[in-house]
Structures are given as structure tokens and as C-alpha cells.
Amino acid sequence: MERSTQLQNADNELEQQFGYAERVKQILCSRYEKQPLAFVHTYGCQQNVSDSERLKGLLELMGYGFTDELEAADLVLYNTCAVREHAEDRVFGNVGLLKACKRKKPEMTVIVCGCMTQQTSVADKIKRSYPYVDILFGTHVRHRLPEFLYRRLSGGERVFENPDTGESLVEGVPLHRDGTFKAWLPIMQGCNNFCTYCIVPYVRGREHSREQSAVIDEAKRLIESGAKEIMLLGQNVNSYGRGNSEKTDFAALLRAVNALPGDFRIRFMTSHPKDCSDELLLAMSECEKVEKHLHLPVQCGSDRLLKIMNRHYDTAKYMSLIEKARALMPDISFTSDIIVGFPDERDEDFRGTIDLVKRVGYYSLFTFIYSKRSGTPAAKMENQVPEDVVKDRFDRLLALVQEKGRKASSRFEGTVQEILVEEESREK
Ligand code: SAH
Ligand code: SF4
Ligand code: F3S
């Protein structure tokens with residue numbers, strides 16, 4: 001187990017949590033003959049994967065081991081995502097399945113946490129309709145997992161804690177990493193952008209950047225422990241450092257991580273086009289450890305819709321970023337996120353998206369059907385696009401992506417490239 005950073009910022013609260021962890025450990029020792037096992041499942045983005053590494057660090061501290069088999073688990077934890085309805089439905093489906101598990105094994109502890117639980121409607125539904133969920137907690141209090149477990153395991157009521165705000169950047173939480181060579185490194189939390197379709201700012205709270213020294217310390221530890229690829233994470237890494245006491249920005253951070261000794265590569269996501277500075281592109285081109293790949297979500301290729309989405313750039317600005325990046329890094333590959341079916345998306349808006357996708361020549365695309373998120377401005381907009389129209393547009397975009405993808409990978413034919421083997425294919 002590693003420490004995510006030294007206990008520099010750890011206040012009394014974290015010390016208190018370590019106290020609870022010790023008490024949970026004692027309860028577990030008296031209750032189980034063998035080491036109790038936790039099944040942790042993570043939905044959603046890399047930010048959530050990274051949060052789960054910290055939740056697993058805390059579980060490990062309390063004496064839990066880990067299992068991939070639900071039947072073997074003494075504790076089940078679902079770290080949830082609220083970004084689209086489909087993601088939420090999967091969580092409800094899987095939590096529903098736990099009813100039978102809990103009947104067979106009543107002492108099993110069931111925990112639901114993460115972005116979904118920040119929505120009062122979700123917390124209420126779980127409280128009401130899923131009585132076998134023991135603990136529910138939100139994104140602002142996840143470092144308090146030991147306390148919540150202690151309360152429940154020592155015979156207390158079901159725990160429901162999802163305050164709207166709280167300490168979002170608690171340093172010093174222990175970390176359990178599954179991957180050995182790929183490492184997630186969160187550099188910030190939350191989001192200030194309020195794109196009109198998106199629930200993230202509501203469930204994650206305002207943007208806060210970690211101190212550069214904390215990020216660098218963690219990067220050093222990751223490299224020492226054998227990480228070959230470090231992914232710097234944030235909802236909008238390009239605004240890293242805003243509001244911090246020390247003067248820094250993402251370009252400076254990238255240069256600082258690049259300067260660390262060792263054989264490793266650096267990636268980052270996500271870059272918001274509105275904050276993608278010339279200095280960042282320059283730093284990227286000059287840092288030899290930084291992968292020449294930019295995930296630059298455009299969302300759509302219509303200036304009219306980009307405005308309504310509150311994205312703060314237009315297609316001309318976006319294309320100029322692509323051109324600047326290509327001029328500095330001729331081999332760079334681009335990926336993007338696209339939403340199809342945003343309210344009032346018209347044929348000409350969608351044609352703009354197709355046109356932009358063709359012009360950029362993405363390496364690959366993450367395409368999403370617009371999902372209405374209650375509480376966001378877009379949910380109340382008129383002219384929601386009918387399902388069949390969205391489906392048709394989505395299929396047309398997908399066909400284009402597949403055709404382009406084949407071309408994109410063929411450009412490396414006949415060249416020698418350094419690659420990182422991530423896993424062995426199951427197909428022999
Ligand atoms: N912070 C990142 C994205 C985080 S969410 C950024 O701004 O790029 C990942 C992606 O999910 C978004 O880029 C968007 O394409 C998609 N998304 C977010 N809300 C959505 C919604 N309501 N319906 C469909 N897709 C959505
Ligand atoms: Fe959502 Fe926009 Fe923030 Fe990304 S930048 S998380 S899309 S609000
Ligand atoms: Fe989902 Fe939360 Fe990430 S809503 S996309 S897990 S920040």
C-alpha cells in the first residue's frame with residue numbers, strides 16, 4: 001500500500017478516520033476467522049477509478065482483502081456514475097441483484113457511493129426501495145468511509161451521508177493500486193464549467209486543484225513503484241492551478257512531471273478547448289515523455305449549439321487549436337467526445353458535426369446519445385429531439401468513425417514505434 005501524499009494537509013479529520021479504521025479492524029478480527037473480502041466495482045470515468053483506488057486503500061487499511069467474485073464478498077462497494085441515464089440504470093440493476101446475495105449472506109455489507117448518490121432523488125430511492133443497502137455516501141465525504149463502516153458494523157442505523165459540500169481534497173488517504181504500470185494521478189477535483197447538459201458540476205462540486213508539490217510527490221512515488229504511464233486527471237486539466245496560492249498552470253505542471261527522472265510516459269485528460277493555451281501545446285511538444293495525443297472533446301460541430309451548450313468556443317477556434325497542435329507535433333493524434341441529439345439539434349447542426357469530424361480526422365471518438373439529466377438547464381429546454389431521429393444520426397456518425405478509425409491506424413504501417421503492452425489478448 002502507498003500513501004497518496006505525505007500527511008502534509010491531513011487534518012485532524014483524517015487522523016480521526018485512521019482511528020475509526022483501527023476500530024473497524026478490531027471488529028472484523030473478532031467477526032471473521034479468515035481475512036474478509038471486498039468486491040469493489042467502479043462505474044464512470046477515470047476520476048472515479050482513481051477515487052476507488054483511495055477507497056480500496058482505506059478498505060485495505062481496515063483489514064479487507066479483495067475479490068472479483070461477488071459470491072465470495074463480505075463487503076460490496078459500488079462507486080457510481082451519474083453522467084447518463086444508462087449508467088444509472090446499470091447501477092440500479094446491479095444493486096437490485098444484491099438482494100439475493102444479502103439473503104444468502106445477511107452479514108454482507110453493501111455500500112453505494114459516488115456521483116449518483118449526490119442526487120437527493122437517488123439517495124431517497126435507495127433508502128426507500130433498497131433496504132439492504134447499509135451505507136450510502138457522496139463524493140465530498142469519501143475519506144470518511146472508516147467512520148461510516150464503524151457506525152454500521154458496531155450496530156448502528158443504516159448510514160446516509162451525502163452533503164453538498166465538504167473537503168474535496170483530503171491529502172494523505174492511503175492508496176491501493178490495481179495496475180502496476182498504468183497509474184492514475186488526479187491533479188484536481190470538481191468542475192466550474194456548467195455545460196448545460198452535464199451533471200458533473202452538481203455532483204462533484206467546484207473545481208479545486210491539488211498543490212503542485214503534492215502532485216509531484218505522488219508522481220515520484222508512482223515512478224518508484226514501477227509505473228510506466230502516468231495519466232494526469234481532471235475534468236478540465238487546462239485550468240489546473242487557478243485559485244491556488246502558488247502560481248502555476250497545467251503547462252508548468254506538465255514540464256515539472258516531465259523533468260522527473262525515470263522511464264515513463266505521461267498522458268492527461270480531459271482538456272477543455274476553451275482553456276487549451278498555446279503554452280500548453282508548446283509544453284506538450286517540448287516534453288519528450290508526454291504522449292503526442294490530445295483528447296479534446298468538441299461535443300458537436302454547430303456554433304449555434306456550442307453556444308447553448310455553454311462551451312465557450314466555436315468551431316473556428318476549435319479547428320485553429322487542431323492546426324496549431326499539428327504544426328507543433330505533426331504525428332499528434334486527436335480523440336474527442338461527441339453528443340448526438342442535444343435539444344433542438346437540427347439537420348444542419350448535425351451536418352456541422354459530421355463535417356468537423358471529417359476535417360479533424362480523429363484517431364477515435366467517444367460518441368454519446370444525449371441523456372436528459374434532471375437539474376441541468378438542458379433538461380428544461382424545448383424541442384428535445386425524437387428518439388428515432390437521434391438514433392439515425394448516431395448510426396451515421398458511428399459508420400463514419402469506423403471508416404476513419406481503420407484509416408487512422410494504417411498510417412503507422414511500415415514504421416517502427418515504441419509501444420506499451422497493456423494486456424494479453426484473451427483470444428489466442
Ligand atoms: N470534463 C470532460 C467530460 C466529462 S463527462 C469534458 O468537458 O470534456 C464525459 C463526456 O460525457 C462529455 O465530454 C460528454 O460528451 C458526455 N456527456 C456529459 N453529459 C452528457 C449527457 N447529459 N448526455 C450525453 N453525454 C454526456
Ligand atoms: Fe461536464 Fe462541461 Fe465540466 Fe466537462 S467541462 S465535466 S462536460 S460541465
Ligand atoms: Fe460519471 Fe462522476 Fe465521472 S458522473 S463521468 S463518474 S465525474
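Which side chain has an N or O atom 3.0 Å from an oxygen atom of ligand 1? Let's work through that and a few more on this predicted model.

**Exercise 1. Find the polar contacts of ligand 1.**

*Step 1.* Start with the opening question: the side chain is that of Arg84.

*Step 2.* Turn to Arg311, where a polar side-chain atom lies 3.4 Å from an oxygen atom of ligand 1.

*Step 3.* Now take a nitrogen atom of ligand 1: a polar backbone atom of Gln235 is 2.8 Å away.

*Step 4.* Place these in their surroundings. Ligand 1 is surrounded by 15 residues, and the closest are Tyr197, Gln235, Gln299, Asp337 and Ser371.

**Exercise 2. Describe the shell around ligand 2.**

*Step 1.* List the residues: Cys191, Asn193, Phe194, Cys195, Tyr197, Cys198, Val200, Pro201, Gln235, His272 and Arg311.

*Step 2.* Sort the shell by class, which gives seven nonpolar, three polar and one charged residues.

**Exercise 3. Characterise the packing of α7 and α8.**

*Step 1.* Locate the helices: α7 covers residues 212–224 and α8 covers residues 250–258. Their axes come within 10 Å and cross at roughly 30°.

*Step 2.* Classify the angle. Angles under 35 degrees count as roughly parallel, so α7 is roughly parallel to α8.

*Step 3.* Add the handedness: α7 and α8 make a right-handed crossing.

*Step 4.* Name the residues in contact. Helix α7 contributes Gln212, Val215, Ile216 and Ala219, while α8 contributes Ala252, Leu253, Ala256 and Val257.

*Step 5.* Finish with the classes: the contact of α7 with α8 has seven nonpolar residues, one polar residue and no charged ones.

Definitions and conventions
Residues numbered from 1 in each chain as written. Chains lettered and ligands numbered in written order. Predicted model: local features only at pLDDT ≥ 70, side-chain atom pairs only at ≥ 80, totals over all residues. Heavy atoms only, no water. Axes fitted to C-alpha atoms, helices over the stretch in contact; angles between N-to-C directions. Helix = DSSP H or I, 4+ residues; strand = E, 2+ residues; numbered from the N terminus. Parallel < 35°, antiparallel > 145°, perpendicular 65-115°, else oblique. Left-handed = near helix turned anticlockwise from the far one by under 90°. Contact = heavy atoms within 4.5 Å. Nonpolar A, V, L, I, M, F, W, Y, C, P; charged D, E, K, R; others polar. Near = heavy atom within 4 Å. Polar contact = N/O pair within 3.5 Å; in protein donor to acceptor, adjacent residues only side chain to side chain.
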